[in-house]
Protein chains: 2
Amino acid sequence: MIKLVNYLNKTNQTISTCESFTGGMFANEITNISGASNVYLGSFVSYQNSFKQSIVGVGERTIKKYGVVSEECAIEMAQNTLKLTKSDFSISFTGNAGPLAMENKEIGLAYICICSKSKYKVVEINEKNMNRIEFKENGLTVALNLFLDFIK
Amino acid sequence: MIKLVNYLNKTNQTISTCESFTGGMFANEITNISGASNVYLGSFVSYQNSFKQSIVGVGERTIKKYGVVSEECAIEMAQNTLKLTKSDFSISFTGNAGPLAMENKEIGLAYICICSKSKYKVVEINEKNMNRIEFKENGLTVALNLFLDFIK
């Protein structure tokens with residue numbers, strides 16, 4: 001997380017997030033770092049679908065066709081967050097943390113999308129044996145590696 | 001936090017938050033609780049002023065006249081969040097976590113507002129000797145007590 005904050009401070013760029021299964025953990029951890037306030041605009045913690053649709057603007061069609069635990073939903077969450085907050089980067093997190101399976105998709109399935117104005121990248125996560133908090137923490141690790149790869 | 005989730009589940013009501021100095025800590029902690037997904041809609045982690053203004057709709061006049069570390073800003077954040085998310089309750093957090101003082105206001109000054117459709121309540125916090133993380137944690141404790149008092 002410190003690497004990300006330092007990179008953004010050095011290059012004078014900003015980031016925002018849109019968090020579903022991580023539930024604000026990314027926002028909480030980045031705002032523990034002194035210096036984050038220059039580069040971190042904020043997060044939509046879109047925990048329920050109504051928040052994803054009415055605030056973040058994820059299409060009803062996307063949710064009906066692919067579900068919220070999908071690559072397509074992750075991409076829309078990230079791209080809409082970039083537009084709404086006018087940040088240089090955004091990262092979205094959507095997934096099935098359990099204990100109940102949503103949309104008949106496996107528990108432990110998640111999608112993380114990073115995007116800038118010119119490109120995006122999505123990764124799929126499949127983790128069977130993590131509890132709720134471990135699953136969130138793992139999501140953050142994946143997102144940070146994705147970011148470092150994205151800016152290469 | 002469990003008391004809050006249980007109360008909302010029992011009464012079939014929802015809550016949303018708007019977090020500045022707590023930076024998503026409330027969202028992160030409530031989403032660690034199984035059963036929160038029924039009652040917690042989500043959070044605006046409005047870390048930078050641009051997020052508070054363009055997403056949450058806090059008025060430029062309010063910020064110019066009173067600053068973001070003010071009772072007035074906390075009330076607008078909570079009331080706008082209630083309207084935007086259509087929740088039954090909302091809680092907002094705005095304050096000066098340091099290390100630098102904003103708006104010539106003391107470090108350790110913060111405002112938390114809770115509101116429902118019919119009423120609101122604001123508390124002021126003044127804590128001189130807390131680090132960034134302790135200040136966030138203290139904000140959560142104050143908010144939870146405020147909630148339990150609000151529903152009496």
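Through which surface do the copies meet? In this predicted model, 100% of the interface residues of chain A are also interface residues in chain B, so the copies meet through the same surface.

Let's turn to the symmetry. As a rule, two copies of a chain are related by a rotation about an axis and a shift along it. Here, chain A lands on chain B after a rotation of 180 degrees, with 0.0 Å of shift along the axis and an RMSD of 0.0 Å. The two copies are therefore related as by a two-fold rotation axis.

Now for the empty space. Rolling a probe the size of a water molecule over the atoms shows where such space is left. The largest pocket comes out at about 470 Å³. Of the 23 residues lining that pocket, A:Tyr47, A:Gly98, A:Met102, A:Arg132 and B:Ser37 are the closest to its centre. If you want to trace the walls on your screen, start with α3 (49-54), β3 (89-95) and α6 (132-150) of chain A, each of which supplies at least two residues of the lining. As for chemistry, the lining of the largest pocket splits into nine nonpolar, eleven polar and three charged residues.

Next comes the second largest pocket, with a volume of about 400 Å³. Its lining has 19 residues, and those nearest the centre are A:Ser37, B:Tyr47, B:Gly98, B:Met102 and B:Arg132. Sort the lining of this second largest pocket by type and you get seven nonpolar, ten polar and two charged residues.

Note on methods:
Residues numbered from 1 in each chain as written. Chains lettered and ligands numbered in written order. Predicted model: local features only at pLDDT ≥ 70, side-chain atom pairs only at ≥ 80, totals over all residues. Heavy atoms only, no water. 1 Å grid on protein atoms, 1.4 Å probe; cavity = no way out; pocket = protein on both sides within 12 Å on 5 of 7 lines; lining within 4 Å. Points joined across faces, edges and corners; volume = space filled by probe spheres on them. Helix = DSSP H or I, 4+ residues; strand = E, 2+ residues; numbered from the N terminus. Nonpolar A, V, L, I, M, F, W, Y, C, P; charged D, E, K, R; others polar. Least-squares fit on C-alpha atoms with pLDDT ≥ 70 in both. Contact = heavy atoms within 4.5 Å.
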